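User: Hey, got a minute to go through this one with me? I'd like to talk cysteines, charged pairs and burial.

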Amino acid sequence: MGPLLVGVLSCSLVLSVQALYSSSDDVVELTASNFNREVIQSDSLWLVEFYAPWCGHCQSLAPDWKKAAAALKGIVKVGAVDADQHKSLGSQYGVRGFPTIKIFGANKNKPDEYQGGRSSQAIVDGAMNALRSLVKDRLSGKSGGSGYSKQSGGGGGGSGSKKDVVELTDDNFDKLVLDGDDVWLVEFFAPWCGHCKNLEPEWTAAASAVKEQTKGKVRLGAVDATVHQVVSGRYGIRGFPTIKIFRKGEEPEDYQGGRTRGDIIEKALELFSDNAPPPELLEILNEDILKNTCEDSQLCIIAVLPHILDTGAAGRNSYLEVMTKMADKYKKKMWGWLWTEAGAQMDLESSLGIGGFGYPAMAAINTRKMKFALLKGSFSETGIHEFLRELSVGRGSTATLGGGTMPKIHVVEAWDGQDGQLPVEEDYDLSDVDLDDDYDKDEL
């Protein structure tokens, strides 16, 4: 277990890192709940950083971001979104890497990408240039502010498309909502309802974002309850707007969340992950499989299973079934799940301190930090659940990956799903061999 005994740290592998900013800073902490109120409905110019606490570049930027926020206090608003926690906001604004900085100016629904330097001076200069541009536009009569139209017939002013909100009626409701496989959020509204008019741009923007992010698996619809009274009466609609959640084969439930696009998107993504299939469990056949799976995930769960000759197909499949169940249980974490056979990836085993015994074994690797933790309990649903739960809440011991880099991965053939076969020994013809055991005793 050599590398495991060196540099063991009592820290969280999944990086339950404290947020980079606090209430004592001049950086405004933005969330899915307050983003619309603070930024979208504001007349101020905003610089917003989308970050992840585990991101090294984000940690390096934080001191300069705080310094810039202090310098711009009262002039330009400076905020930060933990996009690892508030994934819906990051997705809504097309954030693909960290840190991403966006400038919310005249049209809050179409922020500009900040392309300047990362020093506090460069950030302040970029903010002031954007502020001058905003003031110039206002002087020339171009619209500023939130860019919202609160009138029902005015196009909404939101960043979504009305066509992404499905118009539901007495005639099509059952076919689309009840008989389909998709999850639905349905708004029951009345055209004269003021709260419904306020919700419309949020619902429209959320519909477009949810359609894209769930590949159409979660859909937003709207029922004019004053016209389509059959379906509205069926669900006892008494006030407007009323939002209900429909899942195939289940009774509808009331939506209890907030009414901003961020709140709606967040709930829709939660529903999507609840109904999404578990992540794929892949065998490590080459370097690309390991790299692609682990680089796109905060954690990579890797099992080293006994040799096929030791377990047979039935034994191996029982281990894989346990892993598949746990991948499903933790699918919201978006972790990567991999396995390999004992002896197939010896460099990987060595870097994890497994090396040659103790199969089946399991490790959780954070490739960004080059840290790992080993399963100490049983390779069972209970043992693995306890292992992953400890990591999720920031407990458990971690060690540095052997060599501080990802190990060499060898190209191997995929398991064919069959029992293993012992190598066939060659038959030797011994008919011509002199087996006379006489010998000259004097030679002894």
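Analyst: Sure, here is a run through the overall make-up, the cysteines and the charged pairs.

Analyst: Some ground rules: this is a predicted model, where local features need pLDDT of at least 70 and side-chain atom pairs count only at pLDDT 80 or more, while totals for chains, interfaces and linings use all residues. Residues are numbered from 1 along each chain as its sequence is written, and side-chain values use heavy atoms, with hydrogens and water left out.

User: Fine. How many helices and strands are there in the protein?

Analyst: The protein has 12 helices and 17 strands. Those are DSSP runs numbered from the N terminus, with helices being H or I of at least four residues and strands being E of at least two.

User: And what share of the residues is buried?

Analyst: Of the 444 residues, 46% are buried. Buried means under 20% relative accessible area, exposed means over 50%, and partly exposed is in between (1.4 Å probe, protein chains only).

User: What about the exposed area, and how much of it do carbon and sulfur atoms supply?

Analyst: About 23000 Å² is exposed, and carbon and sulfur atoms supply 49% of that. The areas come from the Shrake-Rupley method with a 1.4 Å probe; for residues, only the protein chains shown count as cover.

User: Contacts next. What fraction comes from residues 24 or more positions apart?

Analyst: Taking contacts with a separation of 6 or more, residues 24 or more positions apart account for 77%. A contact here is heavy atoms within 4.5 Å.

User: OK, cysteines. How many disulfides does a search of the whole structure find?

Analyst: The search turns up 1 disulfide, meaning a pair of cysteine sulfur atoms within 2.5 Å. C294 and C300 form it, with their sulfur atoms 2.1 Å apart.

User: Which handedness does that disulfide have, and why?

Analyst: It's left-handed, because the torsion about the S-S bond of C294 and C300 is about -95°.

User: Are C294 and C300 buried or exposed?

Analyst: C294 and C300 are both buried. Among other cysteines, C55 counts as buried at 6% relative accessibility, and C58 is buried as well, at 0%.

User: Switching to charges. How many salt bridges does the structure hold?

Analyst: There are 18 salt bridges. The cut-off is a side-chain nitrogen of Lys or Arg within 4 Å of a carboxyl oxygen of Asp or Glu.

User: Give me one between strands. What does D254 pair with?

Analyst: D254 makes a salt bridge with K244, at 2.5 Å from N to O. D254 is in strand β11 (residues 253–254) and K244 in strand β10 (residues 242–246), so the pair ties together parts that are 10 residues apart in sequence. D254 is partly exposed, at 41% relative accessible area, whereas K244 counts as buried at 10%.

User: And within helices?

Analyst: K325 and E321 pair up at 3.6 Å, N to O. Both sit in helix α10 (residues 308–329), and being 4 residues apart, they are separated by about one helical turn. K325 is partly exposed at 40% relative accessibility, and E321 is partly exposed at 45%.

User: What's the N to O distance for R389 and E386?

Analyst: That salt bridge comes out at 3.0 Å. R389 and E386 lie 3 residues apart in helix α12 (residues 381–392), about one turn of the helix. R389 counts as partly exposed at 31%, and E386 is partly exposed at 36%.

User: Last one: which residues does R247 link up with in a network of salt bridges?

Analyst: R247 is linked with E250 and E253 in that network.
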